[in-house]
Amino acid sequence: MAQISPNLLIPKSFQVSRDDITGQLGLIWELIKAPLIVPVLKLGVYVCLAMSLMLFMERLYMGIVIILVKLFWKKPEKRYKFELIQDDVELGSSNFPVVLVQIPMFNEKEVYKISIGAACGLSWPSDRLVIQVLDDSTDPAIKLMVEQECQRWASKGINITYQIRENRTGYKAGALKEGLKRSYVKHCEYVAIIDADFRPDPDFLRRSIPFLVHNPDIALVQARWRFVNADECLLTRMQEMSLDYHFTVEQEVGSATHAFFGFNGTAGIWRIAAINEAGGWKDRTTVEDMDLAVRASLRGWKFVYLGDLQVKSELPSTFKAFRFQQHRWSCGPANLFRKMVWEIVQNKKVKFWKKVYVIYSFFFVRKIIAHMVTFIFYCVVLPLTILVPEVKVPIWGAVYIPSIITILNSVGTPRSIHLLFYWILFENVMSLHRTKATFIGLLEAGRANEWVVTEKLGDAVKKAADAAKNKTNVKAPRKFRFKFTDRLNTLELGFAAFLFLCGCYDFVHGKNNYFVYLFLQTISFFITGIGYVGTII
């Protein structure tokens with residue numbers, strides 16, 4: 001067989017430098033850059049710019065509408081029929097509807113007393129209130145403590161039932177669904193859902209139930225969350241900034257314009273008839289609350305958001321807990337979009353523009369595009385353009401558009417405006433996990449239905465600190481200790497190295513001074529990578 005000449009496979013210029021590894025790598029790069037790298041990267045830039053414009057238009061639209069809502073829209077009490085339910089001496093409590101309060105929990109050692117105590121303290125006739133503690137705990141000691149707490153309140157005359165299951169099938173959705181099947185709740189008209197770390201004020205039901213009583217087309221009344229530990233650490237402040245925008249703008253706009261928004265899973269009151277008509281609780285995704293809300297909306301039910309009705313809650317203060325929560329909150333909506341988009345398109349009961357709002361604005365832009373463009377553009381494509389100077393990113397796409405989006409996002413939490421710069425860097429880091437989770441949900445990959453309950457610390461850390469400070473002999477709560485290696489996040493460290501190299505290259509060869517951003521983003525990824533974010537336990 002004739003010997004194949006190396007010249008047919010390898011250019012002569014390549015052979016000249018075969019002993020020089022650096023030179024060979026450089027030649028390989030030059031060979032593939034023009035025909036492959038440049039076109040692909042240009043396509044990436046165009047796609048990211050298109051996504052940025054979509055997100056920008058969405059944020060601008062939301063900003064304009066929320067201004068109009070605040071200036072000209074009537075408050076919910078004026079838009080709908082609203083009249084407080086008054087105590088009547090003659091009728092007694094019969095003019096109050098029977099309300100079920102469900103408290104789902106799972107190994108909530110630090111916070112279980114909070115929600116149970118708040119539910120038992122609600123200002124509502126005791127004979128018209130049924131409290132159901134749905135305990136899926138796997139720790140026998142915690143189950144015993146929760147049961148004893150229920151018994152303690154029952155001894156005071158509160159109608160409270162401790163409910164357990166044989167297994168955790170369906171997780172939270174399964175527990176809520178199982179609770180509604182019990183015979184002792186069949187006479188209940190409405191159900192309030194309160195997670196274990198939430199603490200509604202006594203007037204919670206009196207301010208929300210009248211919307212459901214006097215407006216038969218309303219299925220859900222959602223209250224706003226307020227965070228008792230927002231000032232605990234920088235991580236909780238960052239979360240407050242993101243969630244305040246969600247409540248102040250997204251929920252308010254959805255309620256005012258389309259009477260639709262995503263149920264937040266807690267601090268809300270449902271009409272049980274609407275739940276049943278929509279098909280009940282389903283556990284096909286990790287966002288059973290959003291699933292139910294979309295299905296109920298497609299059947300013509302309306303939702304009301306009450307921004308003035310606030311329920312105290314706790315933010316996850318450890319990075320591990322926050323990561324698991326964000327995975328669930330990003331993967332679930334993408335997975336639900338995959339499963340429901342065609343059902344929404346085919347629906348005949350809702351108006352065309354409402355379907356556009358749900359598919360494009362609610363799902364596509366907010367739940368998918370927002371995560372992807374943040375990570376892909378600012379953590380992948382933009383750094384790569386530094387290595388490929390033939391690909392240019394216009395200044396309006398790299399600086400102006402994201403700056404305006406960031407400013408619009410900051411309206412929810414004016415008190416944290418000085419933290420905006422840190423928030424941007426942190427959100428870019430978290431976009432890595434959100435984008436990953438979004439793809440898992442869209443592709444319905446391995447972790448699509450992973451459910452990890454968000455760990456809440458309650459007052460455990462504060463009590464431990466107070467005990468150490470006062471040097472009392474009181475037994476302090478258990479201390480959490482993890483090895484340094486347990487806190488390492490290799491994915492973040494890998495991106496920190498990538499951005500650092502891109503920053504160094506830009507510092508030496510670049511002209512746009514992107515290295516300033518890249519070095520700062522590198523520090524953010526590195527700090528997150530070594531686990532020094534949030535409360536260190």
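Helices here are DSSP runs of at least four residues, numbered from the N terminus. With that naming, N513 of this predicted model sits in the loop that runs between α17 (490–509) and α18 (515–529). Its backbone is a bit unusual for its kind: most residues other than glycine have a negative phi. For N513, though, phi is near 60°, a positive value. Y171 is another case, with a positive phi near 55°. Unlike a loop residue, Y171 belongs to a helix, α6 (residues 171–180). Y171 has a relative accessible area of 32%, so it counts as partly exposed.

Helix α5 (residues 140–154) makes a neat check on helix geometry. At 1.5 Å a residue, its 15 residues should span 21 Å, and the C-alpha atoms at its ends are indeed 21 Å apart. Which residues of α5 are buried? They are I142, V146, E149, C150 and W153. Looking down the helix axis, these buried residues fall within an arc of 100°, so they line one face of α5. The pattern fits a simple rule: an α-helix has 3.6 residues a turn, so residues three or four places apart point the same way. The cover over the buried residues of α5 includes β1 (99–105), α4 (112–120), β2 (129–135) and β3 (160–164). At the N-terminal end of α5, D139 acts as a cap, with a side-chain oxygen 2.9 Å from the backbone nitrogen of A141.

Over in helix α8 (residues 234–258) there is D244. Its relative accessibility is 2%, under the 20% cut-off, so D244 counts as buried. The side chains of D244 and R224 are joined by a polar contact of 3.2 Å. Setting aside neighbours within four places in sequence, the contacts of D244 also include R226, F227 and T413.

Conventions: Residues are numbered from 1 along each chain as its sequence is written. This is a predicted model: local features need pLDDT of at least 70, side-chain atom pairs count only at pLDDT 80 or more; totals for chains, interfaces and linings use all residues. Side-chain values use heavy atoms; hydrogens and water are left out. Helices (H or I, at least four residues) and strands (E, at least two) are DSSP runs, numbered from the N terminus. The expected span of a helix is 1.5 Å times one less than its number of residues. Buried means under 20% relative accessible area, exposed over 50%, partly exposed in between (1.4 Å probe, protein chains only). The arc is that of the directions from the helix axis to the C-beta atoms. Contact means heavy atoms within 4.5 Å. A polar contact is a pair of N or O atoms within 3.5 Å; within protein, one must be able to donate a hydrogen and the other to accept it, and residues adjacent in sequence count only if both atoms are side-chain atoms.
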